[in-house]
Amino acid sequence: PGGVLILSSGDLDAWTWRWLGSGHWYLQTPQHLSVLSRRFLTYVAARHDLILSDVHRIPHRQSLVHERFSEAIKAIYWGLRRRRGIFRLPHRLLQSVPGFWKLRHMQSVPWTMSLTDHFLVTYKH
């Protein structure tokens, strides 16, 4: 009672998690076994008589706008590449845009560390 719990995790509600799913870079190492959503955080607060006092969306690291843009394009491209059907058209169009032709050489999910797909959570009791 009277304490504060602070935790950080991947944010399942972030667009990169919804788009990349189980292929998200954060799950590429075995140390990351689970990630959380806002719904789960609210559930925990209600179940354990806690106050969810703050949810602050954060990136894994700070960066400049052009770096975030580049990582977002790579994430979009990788998600398109993993899909079939109608998604093949924007996939092929994107890799043919001048400046983005190198995307076709990607071998694995991009590490989008500067995008806001994590959060810092504070609970109070």
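Start at arginine 83 in this predicted model: its charged end sits over the ring of phenylalanine 87, 5.6 Å from the ring's centre. That counts as a charge over a ring because the cut-off for the distance is 6 Å. Arginine 83 also lies over the face of tryptophan 19, and here the distance to the ring centre is 3.8 Å. So if you have the viewer open, put arginine 83 in the middle and look for two rings, those of tryptophan 19 and phenylalanine 87.

Next, the rings that pair with other rings. The count comes to 5 aromatic pairs. Take tryptophan 17 and tyrosine 26: their ring centres are 6.0 Å apart and their planes meet at 80°, so this pair is edge-to-face. The label follows because planes over 60 degrees apart go into that class. Both partners are tucked away, too. Tryptophan 17 is buried, at 4% relative accessible area, and tyrosine 26 is buried as well, at 10%; the limit for that word is 20%. The two also belong to a wider group, since Trp17, Trp25, Tyr26 and Trp111 form one aromatic cluster.

Now for the outside. Val4, Ile6 and Leu120 make up a nonpolar patch on the surface, and together they offer about 270 Å² of accessible area. Within that trio, have a look at isoleucine 6, which is placed in strand β1, the stretch covering residues 4-10. Isoleucine 6 has a relative accessible area of 55%, so it is classed as exposed, the cut-off being over 50%.

Definitions and conventions. Residues are numbered from 1 along each chain as its sequence is written. This is a predicted model: local features need pLDDT of at least 70, side-chain atom pairs count only at pLDDT 80 or more; totals for chains, interfaces and linings use all residues. Side-chain values use heavy atoms; hydrogens and water are left out. Rings of Phe, Tyr and Trp (its six-membered ring) pair if their centres lie within 6.5 Å; planes under 30 degrees apart count as stacked, over 60 as edge-to-face and the rest as tilted. Buried means under 20% relative accessible area, exposed over 50%, partly exposed in between (1.4 Å probe, protein chains only). A charge sits over a ring if NZ of Lys or CZ of Arg is within 6 Å of the ring centre and within 35 degrees of the ring normal. Patches are made of residues with over 30% relative accessible area and no salt bridge: like charges are joined within 9 Å, nonpolar side chains (Val, Leu, Ile, Met, Phe, Trp, Tyr) within 5 Å. Accessible areas come from the Shrake-Rupley method with a 1.4 Å probe; for residues, only the protein chains shown count as cover. A salt bridge is a side-chain nitrogen of Lys or Arg within 4 Å of a carboxyl oxygen of Asp or Glu. Helices (H or I, at least four residues) and strands (E, at least two) are DSSP runs, numbered from the N terminus.
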